[in-house]
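Student: Could you take me on a close look at a single part of this chain, and show me how that part sits in its surroundings?

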Amino acid sequence: MNKAIKKAPAKKEEAETTAAKPAKRARKPGKFTFQSVKGMHDILPVDQVFWDKIRKEVLNISDYYGFERIDTPAIENAAVFEKGVGAATDIVEKEMFYIKSDDKLVLRPECTASVVRAYLEHGMTHLPQPVKLYYFGPMYRHEQPQEGRFREFHQVGFEILGSESDPIYDAQVILACYRLLEACKLSKLEIHVNTIGCRVCRPVFRRRLLEYYKNKPICKDCRRRIVTNPLRLLDCKEEKCEKFKKDAPTILDSTCNNCNTHFKSVVEYLDELKIPYILDNNLVRGLDYYSRTTFEIFETGSKLALAGGGRYDYLVEILGGKVTPAVGAALGVERIVSLMQERNPEMGRKSKVDVFLVHIGSLAKKKSLVLIEELRKGGIRVREALGKDSMKSQLRQADKENVTLALIYGQKEAFEDTIIIRDLANSSQETVPLEKLVAEVKRRLK
RNA sequence: GAGGCAUUGGUGUAGUGGCAACACAAGAGGUUGUGGUCCUCUUGACAGGGGUUCGAUUCCCCUAUGUCUCCCCA
């Protein structure tokens, strides 16, 4: 990701008045420049190479594992998330962009709830199950922007809905994320996995956790969490809370047999796939809809998760459907792009272009657009600087664009229906008839 | 939502209570229709507003944005 371009903020400014003080210094008129709104970024041409790469790999992976694309609107009813993600979560409590309208609408803060909404709305429950979907699009969270964390950001997500709560799908979702990151040439990946139990055993664990922490001198945030979301106690990074974690009851001691078996299977599938993972009993995720498996993928040493997800067996029901197990995950595109740029900057180089058309004189210029069409039909990638009439600046640009051949088309050539092909690497050139141009260029490019 | 630090051309950096410098990038040239290296020239900035001051890019305050810590997440 490039650094955000700094510009003067758009400020209203009074019209220059000469009355108050005589200007001792010549002042420039006020600037009315805009900048992108806080936490939102332009994706510039120089970054697009990396985005294209990710999109390409997403297409590959999803095709390979049988995920079909779904796009849902960026705007949803607030209730989709209030109910789906959970009213007590940070996302819903303080991070949603509400839209000014008669209805209670928000910019989506995540996409799983939207996908489930669409799954129910379009009767996908009647399709052969499971339904495997993926999405790629912008999400919006009103939080404090920082590196790797924006108010508008993009997620790729994989969702598998409507099968039995079969652990093999948990493994497949993890696998898809892992392979996608690998395909983006990121190595040193760490998969953290955990289970947070189901409706039956999670309350048991919560009680034991409460019991354990009841008289401990924990930080004030944890005092609050103990009421709102006790599982998050395990997430706390405060020193005074850290030391209690060691002896805290672990979820694995509390999980019911079904959940144990489920988790064990997930892990076995991962073993079978030979993808490395780390059991992380403290991995609890902030969204209410998760059950059983949770996971996050990091680059080793980084605190920012590249991907995160888990099973959400109750979400379909919460949003008004029948109990329908499901599992899914999302990847943060900006975070991936940022790492790709760091690790493989050479990926950002422009691909070499075949030819550059240099025109001289008005006749040649006039015929240039048609000539470019011919080249395009011949499958030859061509660059030009039609607006520049000086030959020198055209050739200079050809050099900067890193092209292989320059085609020099002047007054004489335009009359004779010929053109000069110049090899920019060794400065040799020859004149060929126009009708042989495409064939000759192709021959030389081989 | 709380706190710390930062902000100088397109980019990366100097610098100063009194003409803001350098490199790269960009543009135009270096005489006939030939690029790279080289040379010349040009464009272009003190984030915005207010205060102190004879004078503020520099000191102070506010705002905006970035960044870090917390919170949380992708």
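Tutor: Happily; we start with the whole chain and then stay with the sheet around one loop residue, Leu-424. This is a predicted model, in which local features need pLDDT of at least 70 and side-chain atom pairs count only at pLDDT 80 or more, while totals for chains, interfaces and linings use all residues. Residues are numbered from 1 along each chain as its sequence is written, and chains are lettered from A and ligands numbered from 1 in the order in which they are written.

Chain A has 16 helices and 16 strands; these are DSSP runs numbered from the N terminus, with at least four residues (H or I) for a helix and at least two (E) for a strand. Its domain assignment gives domain 1 (45-201 + 255-345) and domain 2 (353-445), with bounds that come from an automatic or database domain assignment. The C-alpha centres of domain 1 and domain 2 are 49 Å apart. Of the 446 residues in chain A, 34% are buried, where buried means 20 or more other C-beta atoms within 10 Å of the residue's own, exposed means 12 or fewer, and partly exposed lies in between, with C-beta atoms placed from the backbone.

Now to our residue. Leu-424 belongs to the loop between strand E15 (418-423) and strand E16 (428-433). With 18 other C-beta atoms within 10 Å, Leu-424 is partly exposed. Setting aside neighbours within four places in sequence, its contacts are Ala-398, Asp-399, Val-403, Thr-404, Leu-405 and Ala-406; a contact here means C-beta atoms, placed from the backbone, within 7 Å.

The two strands that flank this loop pair in the antiparallel sense over 6 bridges, and Ile-420 has Thr-431 in E16 as its bridge partner. Pairing requires that DSSP finds at least two bridges between the strands. E15 and E16 belong to an open sheet of 5 strands, in the order E13-E12-E14-E15-E16, with mixed pairing. Its edge strands, each pairing on one side only, are strand E13 (382-384) and E16. On average, neighbouring strands of this sheet are turned by 30° against each other, direction ignored.

Two helices complete the picture. Helix H14 (residues 391-400) lies across strand E12 (353-359) and strand E14 (403-409), and runs at about 175° to E12. Such angles run from 0 to 180 degrees between N-to-C directions, with axes as lines fitted to C-alpha atoms, for helices over the stretch in contact. Helix H16 (residues 437-445) also packs on the sheet, where it touches E12, E14, E15 and E16, and its direction makes about 10° with that of E15.

For a second sheet to set beside this one, look at the open sheet of 3 strands in the order E2-E4-E3, where the pairing is antiparallel. Strand E2 (75-77) and strand E3 (97-99) are its edge strands, each pairing on one side only. The twist there averages 40° from one strand to the next. E3 and strand E4 (residues 105-107) run antiparallel and are joined by 3 bridges, and Tyr-98 has Val-106 in E4 as its bridge partner. From Tyr-98 back to Leu-424 is 326 residues in sequence and 57 Å in space, C-alpha to C-alpha.
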